[in-house]
Amino acid sequence: MKLKPLADRVIVQPTAAEEVTASGIIIPDSAKEKPLKGTVLAVGNGTKDEEMILKEGDQVLYGKFAGTEIDLNGDKVLVMRQSEVLAVIE
């Protein structure tokens, strides 16, 4: 399945959460922090009021509760508005 976001939306692939172990204790997935950075996979065309600034391949930071998580070919990706992206990592 291939997705093309509409208007000012982008599709972001979150970076893998780092597995932190302390004293040999494995932290379960449910206790891991949600990653707050990722790679833009696809962008919409923007709107007449908001030009699309992001482009495919950009490394971005986003808010903890930003976007909607969906399953795309077995991978978890986020669909969010461009305005939910906090910064581009250069």
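Two strands pair if DSSP finds at least two bridges between them. Strands (E, at least two residues) and helices (H or I, at least four residues) are DSSP runs, numbered from the N terminus.

This is a predicted model, in which local features need pLDDT of at least 70, side-chain atom pairs count only at pLDDT 80 or more, and totals for chains, interfaces and linings use all residues. Residues are numbered from 1 along each chain as its sequence is written, and side-chain values use heavy atoms, with hydrogens and water left out.

Reader: How many strands does the protein chain have?
Author: Along the sequence, the pattern reads β-β-β-β-β-β-β-β. The chain has 0 helices, and its strands number 8.

Reader: In what order do the 6 strands of the open sheet stand?
Author: The pairing in this open sheet is antiparallel. Its edge strands, each pairing on one side only, are β6 (68–72) and β8 (85–89). Across the 6 strands the order is β6-β7-β1-β4-β5-β8.

Reader: Which residue in β8 stands opposite Gln59?
Author: Strand β5 covers residues 59–62 and runs antiparallel to β8, with 4 bridges joining the two. Opposite Gln59, in β8, stands Ile89.

Reader: What percentage of the 90 residues in the protein chain is buried?
Author: Buried means under 20% relative accessible area, with a 1.4 Å probe and protein chains only. Of the 90 residues, the buried ones make up 27%.

Reader: What share of the contacts with a separation of 6 or more joins residues 24 or more positions apart?
Author: Contact means heavy atoms within 4.5 Å. Among contacts in the protein chain with a separation of 6 or more, residues 24 or more positions apart account for 65%.

Technical notes
Buried < 20%, exposed > 50% of the residue type's maximum accessible area, 1.4 Å probe, protein only.
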